[in-house]
Amino acid sequence: MSLYRRPFVLLCASSFFFYLSSQLILPVVPLYAAELGGREADVGLIVGVFAFSAMVFRPLAGWLADRVGRRPLVLLGPAVFAGAALAYPAVGAIPTLLLLRVLHGVGMGVGPTAATVVVADLAPVERRGEALGVFGLTMTAGMAFAPYLGIELMRRSGFDSTFVVAAAIAAAGVIAAWALPETRPATARAARAPLSPGELFSARALYPAAMVVALCFTFGGIVSFLPLHAARAGLGNPGLFYTVFALTAVVVRWSAGRLADSLGRRLVIVPSLVLAGLGLVALASASGPAWLAAAAVLYGIGFGAGQPALMAMTTDRVAPEARGRAMGTFFTAWELGISGGSVLLGVCAARAGYPAMWWVAAAVAWAGACAGARDITRRRG
(Lines give C-alpha, C1' and ligand atoms only; values in the text may rest on other atoms or scores of the structure.)
Protein backbone atom coordinates (compact mmCIF):
# COMPACT_ATOMS: atom_id res chain seq x y z
CA MET A 1 0.00 0.00 0.00
CA SER A 2 1.36 3.42 -0.97
CA LEU A 3 1.90 5.91 1.84
CA TYR A 4 1.87 8.91 -0.44
CA ARG A 5 -1.82 9.18 -1.20
CA ARG A 6 -3.74 12.46 -1.15
CA PRO A 7 -4.78 12.41 2.56
CA PHE A 8 -1.21 11.79 3.72
CA VAL A 9 0.16 14.54 1.45
CA LEU A 10 -2.48 17.03 2.62
CA LEU A 11 -1.77 16.18 6.24
CA CYS A 12 1.97 16.67 5.73
CA ALA A 13 1.39 20.01 4.00
CA SER A 14 -0.84 21.28 6.81
CA SER A 15 1.65 20.13 9.44
CA PHE A 16 4.50 21.81 7.56
CA PHE A 17 2.72 25.19 7.62
CA PHE A 18 1.75 24.67 11.25
CA TYR A 19 5.33 24.10 12.36
CA LEU A 20 6.72 26.71 9.98
CA SER A 21 4.58 29.31 11.74
CA SER A 22 5.84 28.10 15.11
CA GLN A 23 9.48 27.92 14.08
CA LEU A 24 9.51 31.37 12.48
CA ILE A 25 8.96 32.93 15.89
CA LEU A 26 10.79 30.26 17.89
CA PRO A 27 13.90 32.42 18.51
CA VAL A 28 11.92 35.66 18.37
CA VAL A 29 9.69 35.11 21.41
CA PRO A 30 12.59 34.91 23.93
CA LEU A 31 14.02 38.13 22.46
CA TYR A 32 10.56 39.73 22.54
CA ALA A 33 10.26 38.78 26.20
CA ALA A 34 13.67 40.33 26.88
CA GLU A 35 12.54 43.47 25.03
CA LEU A 36 9.59 43.67 27.41
CA GLY A 37 11.97 43.52 30.38
CA GLY A 38 12.04 39.78 31.07
CA ARG A 39 15.05 38.05 32.64
CA GLU A 40 16.31 34.46 32.22
CA ALA A 41 13.79 33.03 34.66
CA ASP A 42 10.99 34.97 32.94
CA VAL A 43 12.06 33.70 29.52
CA GLY A 44 12.12 30.13 30.77
CA LEU A 45 8.64 30.60 32.24
CA ILE A 46 7.29 32.12 29.01
CA VAL A 47 8.54 29.19 26.95
CA GLY A 48 7.59 26.72 29.65
CA VAL A 49 4.01 27.97 30.03
CA PHE A 50 3.45 27.43 26.29
CA ALA A 51 4.56 23.83 26.67
CA PHE A 52 2.58 23.44 29.89
CA SER A 53 -0.60 24.69 28.22
CA ALA A 54 -0.06 22.27 25.35
CA MET A 55 0.59 19.48 27.85
CA VAL A 56 -2.71 20.11 29.64
CA PHE A 57 -4.67 19.86 26.40
CA ARG A 58 -2.80 16.89 24.89
CA PRO A 59 -4.67 14.13 26.79
CA LEU A 60 -8.01 15.82 26.18
CA ALA A 61 -7.15 16.08 22.48
CA GLY A 62 -6.29 12.38 22.39
CA TRP A 63 -9.57 11.46 24.07
CA LEU A 64 -11.54 13.67 21.66
CA ALA A 65 -9.68 12.18 18.68
CA ASP A 66 -10.92 8.72 19.71
CA ARG A 67 -14.43 9.79 20.71
CA VAL A 68 -15.32 12.63 18.32
CA GLY A 69 -12.88 12.52 15.42
CA ARG A 70 -9.41 13.46 14.21
CA ARG A 71 -10.21 16.07 11.53
CA PRO A 72 -11.75 18.86 13.70
CA LEU A 73 -8.68 18.89 15.94
CA VAL A 74 -6.27 18.92 12.99
CA LEU A 75 -8.07 22.07 11.77
CA LEU A 76 -8.23 23.69 15.20
CA GLY A 77 -4.47 23.61 15.79
CA PRO A 78 -3.33 25.97 13.00
CA ALA A 79 -6.45 28.13 13.47
CA VAL A 80 -5.43 28.83 17.08
CA PHE A 81 -1.85 29.49 15.95
CA ALA A 82 -3.04 32.08 13.43
CA GLY A 83 -5.14 33.93 15.98
CA ALA A 84 -2.46 33.87 18.68
CA ALA A 85 0.27 35.15 16.35
CA LEU A 86 -1.90 38.12 15.38
CA ALA A 87 -2.31 38.98 19.07
CA TYR A 88 1.40 39.24 19.93
CA PRO A 89 1.78 42.85 18.68
CA ALA A 90 -0.86 43.95 21.22
CA VAL A 91 1.16 42.57 24.15
CA GLY A 92 2.91 45.19 26.24
CA ALA A 93 4.03 43.41 29.43
CA ILE A 94 5.29 40.06 30.65
CA PRO A 95 2.05 39.03 32.44
CA THR A 96 0.01 39.61 29.27
CA LEU A 97 2.57 37.71 27.23
CA LEU A 98 2.24 34.78 29.63
CA LEU A 99 -1.53 34.70 29.12
CA LEU A 100 -1.14 34.76 25.35
CA ARG A 101 1.37 31.94 25.49
CA VAL A 102 -1.24 29.86 27.31
CA LEU A 103 -3.67 30.40 24.41
CA HIS A 104 -0.97 29.71 21.83
CA GLY A 105 -0.11 26.47 23.59
CA VAL A 106 -3.67 25.18 23.14
CA GLY A 107 -3.03 25.02 19.39
CA MET A 108 0.10 22.95 19.94
CA GLY A 109 -1.85 20.70 22.28
CA VAL A 110 -4.64 19.74 19.90
CA GLY A 111 -3.24 19.89 16.34
CA PRO A 112 -0.15 17.64 16.34
CA THR A 113 -1.77 15.11 18.67
CA ALA A 114 -4.62 14.47 16.25
CA ALA A 115 -2.39 14.69 13.16
CA THR A 116 -0.06 11.99 14.45
CA VAL A 117 -3.03 9.72 15.13
CA VAL A 118 -4.13 10.23 11.50
CA VAL A 119 -0.67 9.10 10.33
CA ALA A 120 -0.99 5.91 12.39
CA ASP A 121 -4.47 5.37 10.94
CA LEU A 122 -3.26 5.72 7.36
CA ALA A 123 -0.01 3.71 7.56
CA PRO A 124 0.23 -0.12 7.53
CA VAL A 125 1.95 -1.41 10.65
CA GLU A 126 5.01 -2.68 8.79
CA ARG A 127 5.65 0.85 7.45
CA ARG A 128 4.55 2.83 10.49
CA GLY A 129 8.04 3.87 11.50
CA GLU A 130 8.73 5.05 7.96
CA ALA A 131 5.44 6.96 7.80
CA LEU A 132 6.07 8.68 11.12
CA GLY A 133 9.61 9.47 10.00
CA VAL A 134 8.34 11.12 6.81
CA PHE A 135 5.63 12.95 8.72
CA GLY A 136 8.25 14.05 11.22
CA LEU A 137 10.03 15.88 8.41
CA THR A 138 7.20 18.41 8.47
CA MET A 139 8.14 19.27 12.05
CA THR A 140 11.77 20.01 11.27
CA ALA A 141 11.96 20.94 7.58
CA GLY A 142 10.88 24.51 8.25
CA MET A 143 13.41 24.83 11.02
CA ALA A 144 16.13 24.62 8.37
CA PHE A 145 15.42 28.25 7.49
CA ALA A 146 12.46 29.61 9.50
CA PRO A 147 14.30 30.56 12.74
CA TYR A 148 17.06 32.27 10.75
CA LEU A 149 14.49 34.13 8.65
CA GLY A 150 12.52 34.97 11.77
CA ILE A 151 15.56 36.69 13.31
CA GLU A 152 16.35 38.53 10.07
CA LEU A 153 12.73 39.61 9.60
CA MET A 154 12.60 40.84 13.19
CA ARG A 155 15.82 42.82 12.72
CA ARG A 156 14.72 44.38 9.42
CA SER A 157 10.97 44.88 9.96
CA GLY A 158 10.39 44.56 13.70
CA PHE A 159 8.54 42.16 15.95
CA ASP A 160 5.04 43.05 14.72
CA SER A 161 5.70 42.16 11.07
CA THR A 162 7.26 38.85 12.11
CA PHE A 163 4.16 37.85 14.06
CA VAL A 164 1.83 38.81 11.19
CA VAL A 165 3.81 36.64 8.76
CA ALA A 166 3.60 33.73 11.22
CA ALA A 167 -0.19 34.16 11.38
CA ALA A 168 -0.52 34.04 7.59
CA ILE A 169 1.53 30.84 7.42
CA ALA A 170 -0.63 29.18 10.09
CA ALA A 171 -3.74 30.13 8.11
CA ALA A 172 -2.28 28.26 5.13
CA GLY A 173 -2.19 25.18 7.37
CA VAL A 174 -5.95 25.44 7.92
CA ILE A 175 -6.54 25.65 4.17
CA ALA A 176 -4.36 22.58 3.48
CA ALA A 177 -6.18 20.50 6.11
CA TRP A 178 -9.69 21.44 5.01
CA ALA A 179 -9.99 18.57 2.48
CA LEU A 180 -8.79 15.88 4.90
CA PRO A 181 -11.15 12.94 5.43
CA GLU A 182 -12.07 11.63 8.87
CA THR A 183 -9.96 8.54 9.72
CA ARG A 184 -11.43 7.63 13.10
CA PRO A 185 -12.20 3.86 13.07
CA ALA A 186 -15.86 2.88 12.92
CA THR A 187 -15.27 0.74 16.04
CA ALA A 188 -14.31 3.75 18.16
CA ARG A 189 -16.89 4.78 20.73
CA ALA A 190 -18.77 8.04 20.48
CA ALA A 191 -18.60 10.45 23.39
CA ARG A 192 -21.58 9.60 25.60
CA ALA A 193 -20.53 9.11 29.22
CA PRO A 194 -18.93 11.93 31.23
CA LEU A 195 -15.17 12.16 30.85
CA SER A 196 -13.19 10.56 33.67
CA PRO A 197 -9.46 11.16 34.38
CA GLY A 198 -8.65 7.50 33.79
CA GLU A 199 -9.82 7.76 30.18
CA LEU A 200 -7.37 10.54 29.32
CA PHE A 201 -4.14 8.52 29.51
CA SER A 202 -2.86 5.20 28.22
CA ALA A 203 -0.94 3.03 30.66
CA ARG A 204 0.62 1.18 27.71
CA ALA A 205 2.23 4.41 26.51
CA LEU A 206 3.95 5.30 29.79
CA TYR A 207 7.22 3.48 29.04
CA PRO A 208 8.01 5.35 25.79
CA ALA A 209 6.62 8.51 27.44
CA ALA A 210 9.38 8.37 30.05
CA MET A 211 12.03 8.48 27.32
CA VAL A 212 10.14 11.27 25.56
CA VAL A 213 10.39 13.36 28.74
CA ALA A 214 14.16 12.89 28.78
CA LEU A 215 14.56 13.85 25.11
CA CYS A 216 12.27 16.87 25.28
CA PHE A 217 13.74 18.13 28.54
CA THR A 218 16.85 18.90 26.49
CA PHE A 219 14.79 20.60 23.78
CA GLY A 220 13.28 22.89 26.41
CA GLY A 221 16.75 24.28 26.96
CA ILE A 222 17.35 24.68 23.23
CA VAL A 223 14.17 26.65 22.52
CA SER A 224 14.44 28.80 25.65
CA PHE A 225 18.08 29.68 26.06
CA LEU A 226 20.00 29.07 22.87
CA PRO A 227 19.31 32.61 21.51
CA LEU A 228 20.43 34.17 24.80
CA HIS A 229 23.45 31.86 25.12
CA ALA A 230 24.52 32.60 21.53
CA ALA A 231 24.28 36.35 22.12
CA ARG A 232 26.23 36.21 25.38
CA ALA A 233 28.95 33.88 24.05
CA GLY A 234 29.36 35.68 20.72
CA LEU A 235 28.29 32.69 18.62
CA GLY A 236 26.53 34.73 15.94
CA ASN A 237 22.98 34.27 14.67
CA PRO A 238 21.41 31.45 16.70
CA GLY A 239 19.41 30.59 13.59
CA LEU A 240 22.54 28.77 12.39
CA PHE A 241 22.04 26.12 15.06
CA TYR A 242 18.37 25.68 14.20
CA THR A 243 19.17 25.48 10.48
CA VAL A 244 21.89 22.85 10.85
CA PHE A 245 19.85 20.95 13.45
CA ALA A 246 16.83 20.86 11.15
CA LEU A 247 18.76 19.87 8.03
CA THR A 248 20.43 17.06 9.93
CA ALA A 249 17.12 15.87 11.36
CA VAL A 250 15.54 15.97 7.90
CA VAL A 251 18.33 13.77 6.52
CA VAL A 252 18.09 11.14 9.26
CA ARG A 253 14.33 10.94 9.93
CA TRP A 254 13.28 8.82 6.97
CA SER A 255 16.15 6.34 7.31
CA ALA A 256 15.74 6.26 11.10
CA GLY A 257 12.08 5.38 10.71
CA ARG A 258 12.93 2.52 8.36
CA LEU A 259 15.65 1.30 10.73
CA ALA A 260 13.14 1.33 13.58
CA ASP A 261 10.88 -0.89 11.44
CA SER A 262 13.64 -3.36 10.53
CA LEU A 263 15.94 -3.42 13.59
CA GLY A 264 13.59 -2.51 16.40
CA ARG A 265 12.57 0.69 18.16
CA ARG A 266 15.05 0.57 21.05
CA LEU A 267 18.09 0.04 18.79
CA VAL A 268 17.32 3.48 17.35
CA ILE A 269 16.09 5.22 20.50
CA VAL A 270 19.05 4.50 22.80
CA PRO A 271 21.83 5.76 20.47
CA SER A 272 19.65 8.77 19.66
CA LEU A 273 19.49 9.86 23.29
CA VAL A 274 23.24 9.36 23.68
CA LEU A 275 23.97 11.53 20.64
CA ALA A 276 21.56 14.25 21.76
CA GLY A 277 23.47 14.46 25.04
CA LEU A 278 26.80 14.68 23.21
CA GLY A 279 25.43 17.57 21.14
CA LEU A 280 24.59 19.46 24.32
CA VAL A 281 28.07 18.86 25.73
CA ALA A 282 29.50 20.28 22.50
CA LEU A 283 27.20 23.29 22.86
CA ALA A 284 28.50 23.89 26.38
CA SER A 285 32.02 24.25 24.93
CA ALA A 286 31.07 26.19 21.79
CA SER A 287 33.31 29.16 21.08
CA GLY A 288 32.20 30.19 17.61
CA PRO A 289 29.85 29.43 14.70
CA ALA A 290 31.75 26.27 13.70
CA TRP A 291 31.32 24.78 17.18
CA LEU A 292 27.67 25.82 17.13
CA ALA A 293 27.15 23.97 13.84
CA ALA A 294 28.96 20.84 15.09
CA ALA A 295 26.78 20.74 18.20
CA ALA A 296 23.70 21.11 16.00
CA VAL A 297 24.73 18.11 13.86
CA LEU A 298 25.06 15.81 16.88
CA TYR A 299 21.87 17.04 18.46
CA GLY A 300 20.02 16.88 15.14
CA ILE A 301 20.96 13.22 14.60
CA GLY A 302 19.84 12.33 18.12
CA PHE A 303 16.57 14.24 18.14
CA GLY A 304 15.71 13.52 14.51
CA ALA A 305 16.18 9.75 14.82
CA GLY A 306 14.66 9.36 18.27
CA GLN A 307 11.32 11.05 17.63
CA PRO A 308 9.82 8.73 14.96
CA ALA A 309 11.07 5.62 16.75
CA LEU A 310 9.41 6.73 19.99
CA MET A 311 6.17 7.55 18.17
CA ALA A 312 6.18 4.16 16.48
CA MET A 313 6.81 2.38 19.78
CA THR A 314 3.85 4.22 21.31
CA THR A 315 1.37 3.29 18.57
CA ASP A 316 2.66 -0.31 18.49
CA ARG A 317 1.57 -0.82 22.07
CA VAL A 318 -2.16 -0.03 21.69
CA ALA A 319 -5.20 -1.03 19.61
CA PRO A 320 -6.30 1.26 16.74
CA GLU A 321 -9.30 2.60 18.66
CA ALA A 322 -6.99 3.66 21.54
CA ARG A 323 -4.39 5.50 19.47
CA GLY A 324 -5.76 8.90 20.38
CA ARG A 325 -5.20 8.33 24.11
CA ALA A 326 -1.79 6.81 23.45
CA MET A 327 -0.63 9.80 21.42
CA GLY A 328 -2.22 12.14 23.94
CA THR A 329 -0.05 10.47 26.58
CA PHE A 330 2.99 10.65 24.31
CA PHE A 331 2.57 14.35 23.65
CA THR A 332 1.74 15.11 27.26
CA ALA A 333 5.16 13.69 28.08
CA TRP A 334 6.58 15.73 25.20
CA GLU A 335 5.30 19.00 26.63
CA LEU A 336 6.13 17.98 30.19
CA GLY A 337 9.73 17.54 29.10
CA ILE A 338 9.87 20.88 27.28
CA SER A 339 8.14 22.86 30.01
CA GLY A 340 10.15 21.17 32.76
CA GLY A 341 13.37 21.73 30.85
CA SER A 342 12.53 25.38 30.19
CA VAL A 343 11.78 26.18 33.81
CA LEU A 344 14.35 24.02 35.60
CA LEU A 345 17.18 24.75 33.20
CA GLY A 346 16.37 28.45 33.50
CA VAL A 347 16.96 28.22 37.24
CA CYS A 348 20.17 26.28 36.57
CA ALA A 349 21.40 28.90 34.09
CA ALA A 350 20.70 31.73 36.52
CA ARG A 351 22.66 30.03 39.31
CA ALA A 352 25.48 28.18 37.51
CA GLY A 353 25.68 29.63 34.00
CA TYR A 354 24.89 28.26 30.55
CA PRO A 355 27.73 25.69 30.20
CA ALA A 356 26.68 23.93 33.40
CA MET A 357 23.06 24.08 32.28
CA TRP A 358 23.88 22.20 29.03
CA TRP A 359 25.73 19.50 31.01
CA VAL A 360 22.68 19.00 33.23
CA ALA A 361 20.48 18.65 30.13
CA ALA A 362 22.91 16.09 28.67
CA ALA A 363 22.77 14.04 31.87
CA VAL A 364 18.97 13.85 31.59
CA ALA A 365 19.24 12.59 28.00
CA TRP A 366 21.70 9.89 29.05
CA ALA A 367 19.39 8.84 31.89
CA GLY A 368 16.69 8.31 29.26
CA ALA A 369 19.09 6.18 27.22
CA CYS A 370 19.65 3.97 30.26
CA ALA A 371 15.88 3.52 30.61
CA GLY A 372 15.57 2.61 26.93
CA ALA A 373 18.30 -0.02 27.10
CA ARG A 374 15.90 -2.48 28.75
CA ASP A 375 15.28 -5.39 26.37
CA ILE A 376 17.07 -3.42 23.68
CA THR A 377 16.89 -6.21 21.08
CA ARG A 378 13.08 -6.36 21.10
CA ARG A 379 11.81 -5.30 17.69
CA ARG A 380 8.65 -3.58 18.89
CA GLY A 381 6.92 -2.20 21.97
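The following paragraphs describe selected helices, salt bridges, contacts and surface features of a predicted model.

Residues are numbered from 1 along each chain as its sequence is written, and side-chain values use heavy atoms, with hydrogens and water left out. Because the model is predicted, local features need pLDDT of at least 70 and side-chain atom pairs count only at pLDDT 80 or more, whereas totals for chains, interfaces and linings use all residues.

Helix 5 comprises residues 94-122, helices being DSSP runs of H or I with at least four residues, numbered from the N terminus. At 1.5 Å a residue, the 29 residues of helix 5 should span 42 Å, and the end C-alpha atoms are 42 Å apart, in agreement with that expectation; the expected span is 1.5 Å times one less than the number of residues. Of these 29 residues, 23 are buried, so helix 5 is largely enclosed by the rest of the structure. Here, buried means under 20% relative accessible area, exposed means over 50%, and partly exposed covers values in between (1.4 Å probe, protein chains only).

A search of the whole structure finds 5 salt bridges, each defined as a side-chain nitrogen of Lys or Arg within 4 Å of a carboxyl oxygen of Asp or Glu. Side chains of opposite charge can pair when their charged atoms come close. In one of these salt bridges, aspartate 66 pairs with arginine 70, with the closest N and O atoms 3.1 Å apart, and both residues are buried. In another, arginine 70 pairs with aspartate 121, where the closest N and O atoms are 2.8 Å apart. This second pair links distant parts of the chain, since aspartate 121 belongs to helix 5 and arginine 70 to the loop between helix 3 (40-67) and helix 4 (71-87), 51 residues apart. Aspartate 121 counts as buried at 19% relative accessibility, and arginine 70 is buried with a relative accessible area of 0%.

A further salt bridge joins the side chains of arginine 156 and glutamate 152, at 3.7 Å from N to O. Both residues lie in helix 7 (residues 146-157), 4 residues apart, which is about one turn of the helix. An α-helix has 3.6 residues a turn, so residues three or four places apart point the same way. Arginine 156 is exposed, with a relative accessible area of 71%. Salt bridges that share partners join Asp66, Arg70 and Asp121 into one network.

Threonine 183 also meets members of that network: this residue, in the loop between helix 8 (159-177) and helix 9 (206-233), touches Arg70, Val118, Asp121 and Leu122, not counting residues up to four places away in sequence. Contact means heavy atoms within 4.5 Å. The side chains of threonine 183 and aspartate 121 are joined by a polar contact of 2.8 Å, a term that denotes a pair of N or O atoms within 3.5 Å, of which, within protein, one must be able to donate a hydrogen and the other to accept it, while residues adjacent in sequence count only if both atoms are side-chain atoms. Threonine 183 is buried, with a relative accessible area of 16%.

In helix 1 (residues 6-24), serine 15 is buried with a relative accessible area of 6% and touches Phe135 and Thr138, residues up to four places away in sequence not being counted. Leucine 11, also found in helix 1, is buried at a relative accessible area of 1%. Leaving aside neighbours within four places in sequence, leucine 11 is in contact with Val74, Ala115, Val118, Val119, Phe135 and Leu180. The C-alpha atoms of leucine 11 and alanine 309 are separated by 20 Å, with their positions 298 residues apart along the chain.

Leucine 76, placed in helix 4, counts as partly exposed at 38% relative accessibility; leucine 76 and valine 110 are 34 residues apart in sequence and 7.1 Å apart in space, C-alpha to C-alpha. Alanine 233, in helix 9, is partly exposed with a relative accessible area of 36%.

At the surface, Leu45, Val343 and Leu344 make a nonpolar patch of about 250 Å². Patches are made of residues with over 30% relative accessible area and no salt bridge, with nonpolar side chains (Val, Leu, Ile, Met, Phe, Trp, Tyr) joined within 5 Å and like charges within 9 Å. Leucine 344, found in helix 13 (residues 323-352), is exposed, with a relative accessible area of 54%.

Key. Areas by Shrake-Rupley, 256 points an atom, 1.4 Å probe, with all protein chains shown as cover. Helix = DSSP H or I, 4+ residues; strand = E, 2+ residues; numbered from the N terminus.
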